[in-house]
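Subject: Handing over the structure

Hi there,

Here is the structure I promised to pass on to you. My notes on it follow below.

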Amino acid sequence: MPHAPCPMPHAHVLNEETIADIAMIKLYRFFQLIAQLLAYTYSALIASYLILRLIFWDSLWQVGFAGDFVPWILLPIFLLPILAFFVIKKRWFAIVSSVACIWLLGWLHLTYFSPQPANISNSPLSVKVFSANFGWHTKSPEPLIKLIQSEKPDLICLQEIGGKDTETVFSKLAALYPHHRGREYHVILSRYPIRSFQGLHLGAGKEPQERAIIEINQQDVVLYNISTTPPWIRKQKILPFLTIPVYDYPERPKQIKDLVRRLQKETLPVIAAGDFNFTEQSQDYHELKTVVRDAFRTAGWGLGFTWPSGWNLNLFNQKLKGELNFPLVKLDYVWYSPHWGAKSAKVFPTIGSEHLPVGAELQMQPESARM
């Protein structure tokens, strides 16, 4: 009888290797499809944000909310060329994403890492300004007091500081700051005489603000201590059967418009410091920027983020636990009128509040240099 043919050697092994290769190819293609979907979806969202910002800006709360987290939402752009070259393998997407990376690098450098501090050698006046939102939940004013004693600013604006803490600050800093005024949890301390003090409610809102005229070396200077109404996530019914969370900030634009009108009427050198509760990408920031200048963006280096630092998550939702200790946005500012130039600006270490303090050194500019 004829013998049955012998099986080819290693045929079984080769078959298993082929199956494994096919499985790997399928897995790679699946990963490629997911990467392509994520990259295209993210790119479309960023493009939509930029277009909607150009058209609507903060009149759409979705644009306002997304803008508060710039540059964080833009950082994934740096991953797109990697995906384009090694995973998606689309030449057009690789080129577009690479150009976007170059644009983002340039924007980050110009916006956050290219300070242009003033160096006015013949300045008739120099003043150091300090601002801190003390926070309702801060346990002790001692870190704040120590920081002020160390830095020795000339003018201090404090927001959200309680009555007992205010008395402690006034008493322990009386030797350095003999002039001080307080109102509704907001206080101003000064090394120089406070010639007048006025309580404000910008935009007819409930949030208190203050305006003081301070005489510094025979020069009157206007100081605004500002805290605007913060934005918040609130429930809104959009259909009889549907309620969604929305990012709400109706009071702040009114307060900023009122502040801008007041600043436009000022003839004396002006400094405005405090917790403005907006970020640099907000429409309110750019409206205020038309009349005064941001000291940190002029003379500071880096992102300058001030919030949150030790913010209890249960303040947002009682079911959440823990704290946010990594600042994500910039809410606290020192602004100045064209009478001044910013020599330096910085964000200080934590004082136990959810806001980090900020400070700036301003120099009076000669009249010929003011623009």
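Which residues of the largest nonpolar core touch the most other members? Please keep in mind that this is a predicted model. Ile214, Ile216, Ile271, Ala295, Val334, Trp340 and Leu362 have that role among the 28 residues of the core. Strand E16 gives the largest share of this core, with four residues. A second, separate core has 20 residues, including Phe276, Phe278, Leu288 and Tyr333. Back in the largest core, Ile271 is worth a look: setting aside neighbours within four places in sequence, its contacts include Val127, Leu155, Val221, Tyr224, Val334, Trp340 and Leu362.

Next, helix H4. Its 22 residues, 91–112, should span 32 Å at 1.5 Å a residue, and the end C-alpha atoms are 31 Å apart, which agrees. Phe93, Ala94, Ser97, Cys101, Leu104, Leu108 and Tyr112 are the buried residues of H4. Viewed down the helix axis, these fall within an arc of 95°, so they line one face. The face turned away from them carries exposed Arg91, Trp92, Ile95, Val99, Ile102 and Leu110. The general background is that an α-helix has 3.6 residues a turn, so residues three or four places apart point the same way.

Helix H3 has buried residues too, namely Leu80, Pro81, Ala84, Val87 and Ile88. Lys89 follows H3 and has a positive phi near 55°.

That brings me to the backbone. As a rule, most residues other than glycine have a negative phi, and most peptide bonds are trans. Here are the exceptions I noted:

- Lys152 has a positive phi of about 50°; this residue sits in the loop between helix H5 and strand E2 and is partly exposed, at 45% relative accessible area.
- Asn277 also has a positive phi, about 55°, in the loop between strand E10 and helix H8, but Asn277 is buried at 7% relative accessibility.
- The peptide bond from Val70 to Pro71 is cis, with omega near 15°; Pro71 belongs to the loop between helices H2 and H3.
- Trp307 and Pro308 are joined by a cis peptide bond with omega about 0°, and Pro308 is in the loop between helix H9 and strand E12.

Both Trp307 and Pro308 turn up again among the contacts of Glu354, which also touches Gly135, Thr306, Ser309, Gly310 and Trp311, leaving out residues up to four places away in sequence. Glu354, in the loop between strands E15 and E16, is buried yet has no salt bridge, and the nearest side chain of opposite charge, Lys139, is 12 Å away.

Finally, the charged pairs: the whole structure has 14 salt bridges. Lys330 and Asp294 form one of them, with their closest N and O atoms 2.7 Å apart. This pair links distant parts of the chain, 36 residues apart: Lys330 is in the loop between strands E13 and E14, and Asp294 is in strand E11. Both partners are buried. Through shared partners, salt bridges join Glu280, Asp294, Arg297 and Lys330 into one network.

Lys257 pairs with Glu287 at 3.3 Å between the closest N and O atoms. Lys257 lies in helix H7 and Glu287 in helix H8, so this salt bridge ties together parts 30 residues apart in sequence. Within H7, Asp258 forms a salt bridge with Arg262, four residues along, about one turn of the helix. Asp258 is buried at 12% relative accessibility, while Arg262 is partly exposed at 29%.

Enjoy exploring!

Best wishes

Notes: Residues numbered from 1 in each chain as written. Predicted model: local features only at pLDDT ≥ 70, side-chain atom pairs only at ≥ 80, totals over all residues. Heavy atoms only, no water. Helix = DSSP H or I, 4+ residues; strand = E, 2+ residues; numbered from the N terminus. Expected span 1.5 Å × (residues − 1). Buried < 20%, exposed > 50% of the residue type's maximum accessible area, 1.4 Å probe, protein only. Arc of directions from axis to C-beta. Lys, Arg positive; Asp, Glu negative; His and termini not counted. Salt bridge = Lys/Arg side-chain N within 4 Å of Asp/Glu carboxyl O. Contact = heavy atoms within 4.5 Å. Core = buried A, V, L, I, M, F, W, Y, C linked by side-chain atoms within 4.5 Å.
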